[in-house]
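Subject: Structure handover and notes

Dear colleague,

Here is the structure I promised to pass on, with my notes beneath it. Please look through the model before reading on.

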Amino acid sequence: VIPRGSARLINAVVEGATVPAIETGTGNCHFYIDASADLDKAIATLKAVTKEGAANDAAGPAWKAVVDAGGTSTRAAIADARGRIVARSRIGAGSFSVLSLRAWTRRMCEALEACANEAPITRAWIGSAGIDADESARIATEALRCAMPRVHEWTVTNDAALLCASVPRNRPCVVCIAGTGSVVLAYDAQRTRTKRVGGLGWLLG
């Protein structure tokens, strides 16, 4: 689905779609030339902008993917080289601590494929509930590399680490997740986890 129209319409389709949705810009693109402008410079600018856009299209998109896998659902988003979200998907639960390694890997691949199909994803960051130790992250990363070799760079962390990405790296942060389960994690300025409270509900069922 590729919605066209106002921001309100596009957001409604992206949030409510049950099939992959391609999120585009709103409105139309126009090149306005004022009557007092230098016409030759204006035309040269228009040609330069058009040429740059065509070159970028010819080079192909550099797709980046982020997956948030929790106990209830798994959400994925694909961004282009400029950081614009171009597709989203949402499928079933994807907690690493609940699913088998094979089932978890398949679920992560399904989430990515639902967004990108055969698009050349170059980097992917998987934030998954249940990834609580370096060893589990290593095992998960190796499984993903085997399942999707076309992805050049994998980052696998706990889902809480995704929320730290919006905080400047020179500042500590505290992340609180309250969903199917709950956990509070503290990170220092170097993104080293210093404290954890909760996050063990899956052991109780």
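What percentage of the 205 residues in the chain do buried residues make up? The figure is 32%, and please keep in mind throughout that this is a predicted model.

**Overall layout**

The chain has five helices and nine strands, and, read from the N terminus on, its elements run α-β-α-β-β-β-α-β-α-β-α-β-β-β. Among the contacts between residues at least 6 apart in sequence, 46% join residues that are at least 24 apart.

**Helix 3**

Helix 3, which covers residues 101–116, has 16 residues and reaches 23 Å from its first C-alpha to its last, close to the 22 Å expected at 1.5 Å a residue. Its buried residues are Ala103, Trp104, Thr105, Met108, Cys109, Ala111, Leu112, Cys115 and Ala116, and they pack against strand 2 (63–69), strand 3, strand 4 (85–91), strand 5, helix 4 and strand 6.

Helix 3 also holds a charged pair, in which the side chains of Arg107 and Glu110 meet in a salt bridge at 3.5 Å, N to O. Because Arg107 and Glu110 are three residues apart in helix 3, about one helical turn separates them. Arg107 is partly exposed, with a relative accessible area of 23%, and Glu110 is also partly exposed, with a value of 36%.

**Helix 4**

Helix 4 takes in residues 134–147, and its 14 residues should span 20 Å at 1.5 Å a residue, which agrees with the 20 Å between its end C-alpha atoms. Buried in this helix are Ser136, Ala137, Ala140, Thr141, Ala143 and Leu144. Seen down the axis of helix 4, the buried residues fall within an arc of 165°, and therefore they line one face of the helix. The face turned away from that buried side carries the exposed residues Asp134 and Cys146, while what covers the buried residues includes helix 3, strand 5 (121–128) and strand 6.

As general background, side chains of opposite charge can pair when their charged atoms come close. The structure holds four salt bridges, and two that lie in helix 4 are worth setting out in turn. In one of them, Arg138 forms a salt bridge with Glu135, the closest N and O atoms being 2.7 Å apart, and these two residues of helix 4 are three residues apart, about one turn of the helix. Arg138 counts as partly exposed at 46% relative accessibility, and Glu135 counts as partly exposed at 42%. In the other, the side chains of Glu142 and Arg145 meet at 3.0 Å, N to O, and because Glu142 and Arg145 are three residues apart in helix 4, they too are separated by about one helical turn. Glu142 is partly exposed at 37% relative accessibility, and Arg145 is partly exposed with a relative accessible area of 43%.

**Thr74**

Thr74 lies in strand 3, which runs over residues 74–79, and it counts as buried because its relative accessibility is 0%. A polar atom of the Thr74 side chain lies 2.8 Å from the backbone oxygen of Gly92. Leaving aside neighbours within four places in sequence, the residues in contact with Thr74 include Val67, Asp68 and Ala69, the run from Ser89 through Arg90, Ile91, Gly92 and Ala93 to Gly94, and also Arg107, Met108 and Ala111. Two residues in that list have come up already in helix 3, namely Met108 and Ala111, which are among its buried residues, and Arg107 is the salt-bridge partner of Glu110.

**Asp159**

Asp159 sits in the loop between strand 6 (153–157) and helix 5 (160–164). Which side chain of opposite charge is nearest to Asp159? It is that of Arg193, 8.4 Å away, and Asp159, although buried, has no salt bridge. A salt bridge would need a side-chain nitrogen of Lys or Arg within 4 Å of a carboxyl oxygen. Not counting residues up to four places away in sequence, Asp159 touches Asp68, Ala69, Gly127, Ser128, Ala129 and Ile177, and of these Asp68 and Ala69 are also in contact with Thr74.

With best regards

Note on methods: Residues are numbered from 1 along each chain as its sequence is written. This is a predicted model: local features need pLDDT of at least 70, side-chain atom pairs count only at pLDDT 80 or more; totals for chains, interfaces and linings use all residues. Side-chain values use heavy atoms; hydrogens and water are left out. Helices (H or I, at least four residues) and strands (E, at least two) are DSSP runs, numbered from the N terminus. Buried means under 20% relative accessible area, exposed over 50%, partly exposed in between (1.4 Å probe, protein chains only). A polar contact is a pair of N or O atoms within 3.5 Å; within protein, one must be able to donate a hydrogen and the other to accept it, and residues adjacent in sequence count only if both atoms are side-chain atoms. Contact means heavy atoms within 4.5 Å. Lys and Arg count as positive and Asp and Glu as negative; His and the chain ends are not counted. The expected span of a helix is 1.5 Å times one less than its number of residues. The arc is that of the directions from the helix axis to the C-beta atoms.
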